[in-house]
Amino acid sequence: MLNERNFPAVDVRLLDDDESLGQLEALGDEISFIQSVRAEQFEHVDFTFFAGDAESTRKNWKRARDAGSAIIDASAALENEPGSSVRSLWIERERGQIVLPELQPGPCVTAHPVSVILSLIALRARKVGMIRRAVATIFEPASERGQRGMDELHQQTVNLLSFQPLPKDVYDAQVAFKHDLAFRAESAAGAGVH
């Protein structure tokens, strides 16, 4: 993504705690390998993007902050941290209120994709009429739980097809493993917007 946006980076470091260590990744015309997260990795770094799992973000973000790096949290793990700001450029554009982000002292958190979609739908539906009530049911995808969630999804599927008990280490029950979005809003005139 940084390459596509022509982000002005001199040195890009790819870091991970476990799953991807040592893997090679293309960075523009160069190849880089994924390194372990250590405090010295954040020295002389202007921006740190956390785009992995929430646990890893919570475990490592203070190291980056203490080294003087601005924090961009795409994992939504830091939204409750003091001084953090949750942002969505799509929502700000839709409302006509683009404000330059303040990246210090707290982290700048990217709004969760589901909340962005729901907000966009509500803002656009509001153009038709006043919304009196909105109800949304959202199911978390297995990928939100990382490799453990994906492995349990696989094992539940295998066990289901072979009439075996389902593993329930990550999830407490069998669930639908896909994104579903149901949204209904009623305008003041009573017409439904789906």
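This briefing covers the overall fold content, the surface and the aromatic side chains of one protein. The model is predicted. Its secondary structure comes to 4 helices and 11 strands. The protein has 194 residues, and 29% of them are buried.

**Contacts and surface**
- Consider the contacts in the protein with a separation of 6 or more: residues 24 or more positions apart account for 46% of them.
- The protein exposes about 13500 Å².
- Carbon and sulfur atoms supply 53% of that exposed area.

**Nonpolar patch**
- F7, F47 and F49 make a nonpolar surface patch.
- The area of this patch is about 260 Å².
- F49 sits in strand β5, which covers residues 47–50.
- The relative accessible area of F49 is 39%. That value counts as partly exposed, because it falls between the 20% limit for buried and the 50% limit for exposed.
- F49 can join a patch on this count, since patch residues need over 30% relative accessible area.

**Aromatic pair**
- The structure holds 1 aromatic pair.
- The pair is F42 with F50, and their ring centres are 6.5 Å apart.
- The ring planes meet at 35°, so the pair is tilted. Stacked would require under 30 degrees, and edge-to-face over 60.
- Both F42 and F50 are buried.

**Charge over a ring**
- R65 lies over the face of W61.
- The distance from R65 to the ring centre of W61 is 5.0 Å.

Conventions. Residues numbered from 1 in each chain as written. Predicted model: local features only at pLDDT ≥ 70, side-chain atom pairs only at ≥ 80, totals over all residues. Heavy atoms only, no water. Patch = residues over 30% accessible without salt bridge, like charges linked within 9 Å, V, L, I, M, F, W, Y side chains within 5 Å. Areas by Shrake-Rupley, 256 points an atom, 1.4 Å probe, with all protein chains shown as cover. Salt bridge = Lys/Arg side-chain N within 4 Å of Asp/Glu carboxyl O. Helix = DSSP H or I, 4+ residues; strand = E, 2+ residues; numbered from the N terminus. Buried < 20%, exposed > 50% of the residue type's maximum accessible area, 1.4 Å probe, protein only. Contact = heavy atoms within 4.5 Å. Phe/Tyr/Trp six-rings, centres within 6.5 Å; stacked < 30°, edge-to-face > 60°. Lys NZ or Arg CZ within 6 Å of the ring centre and 35° of its normal.
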